[in-house]
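Reader: I'm in my first year and still learning to read structures like this one. Could you take a single part and walk me through it slowly, showing what surrounds it?

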Amino acid sequence: MDMMGRDIREDFPMLFDRISDNDSVIYDKNSPEMEISPSAKEVFSALDVTNMILVPITDSSSVLKGAIAAVNVESPKSAEMLECVTYDFFMALANLENYNIIKKMGEIDYLTGIKNRNSYESEIAKYVAMDKENLWCVFVDVNGLHEVNNTKGHKAGDKMLCVVADAIKRVFGQQHTYRLG
């Protein structure tokens, strides 16, 4: 949390304490109600901040996820308006986070952590455009996997696949490594 080269948590400890308690913060430089540090006053002065409303963004379990602020507002109803949009703002962030999780699940092999066949199929066209003199394709077949699964169980087979995938990542890197089968 950096602003103008300063640690905001040090300059605004009271603000963060109140936000951590899921309380809205209303600051007005003409009101002694909220004491802020001299360094915070310096930051606000440099930014021409005369007042600020800061409202916590929480999830459905009241866990603090962030905050939304309005600076130099003229209407006292601004705090109520910000409080109204925080849930929508959190939902938009949660939807984006869930989208990224689902997208990753569709592109990464859950077991080995390397890219899966979906990624391979969507990225294969870019390899056609690459310098063909330096393009290599290495396929690795894990011999004995079927026997390991049958004699030692699928957990042992899964471990074998992970060990092979880790070795391939070390040699070829993560960017162009896929699990197709």
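Author: Let's look at strand S4, which is mostly covered: 7 of its 8 residues are buried. Here, buried means under 20% relative accessible area, with a 1.4 Å probe and protein chains only. Strands are DSSP runs of E with at least two residues, helices are runs of H or I with at least four, and both are numbered from the N terminus.

A word on the source: this is a predicted model, where local features need pLDDT of at least 70 and side-chain atom pairs count only at pLDDT 80 or more, while totals for chains, interfaces and linings use all residues. Residues are numbered from 1 along each chain as its sequence is written, and side-chain values use heavy atoms, leaving out hydrogens and water.

Now for the neighbours of S4. Strand S3 (residues 25–28) runs antiparallel to S4 (residues 51–58), and 4 bridges join them; two strands count as paired if DSSP finds at least two bridges between them. Strand S5 (residues 64–71) is also antiparallel to S4, joined to it by 7 bridges. You can find individual partners too: Met52 in S4 is the bridge partner of Tyr27, and Ile53 is matched with Ala70 in S5. In the hairpin of S4 and S5, 5 residues lie between the strands, and Ser62 has a positive phi near 65 degrees.

Tyr27 is a good place to pause. In a regular strand the side chains alternate between the two faces of the sheet. Along S3, Val25 and Tyr27 point to one face and are buried, whereas Ile26 and Asp28 point to the other and are not.

Where do the buried side chains of S4 go? Met52 and Leu54 belong to the largest nonpolar core, which has 11 residues, Val25 and Tyr27 among them. Such a core is a set of buried Ala, Val, Leu, Ile, Met, Phe, Trp, Tyr and Cys residues joined through side-chain atoms within 4.5 Å. Helix H2 (13–20), S3, helix H3 (38–46) and S4 each give two or more residues to this core, and H2 has the largest share, with 3. Ile53 and Val55 are in a second, separate core of 10 residues, which also includes Ile68 and Val73. In soluble globular proteins, nonpolar side chains tend to be buried together.

Finally, step back to the whole chain. There are 7 helices and 5 strands, and of the 181 residues, 28% count as buried.

Terms used. Buried < 20%, exposed > 50% of the residue type's maximum accessible area, 1.4 Å probe, protein only.
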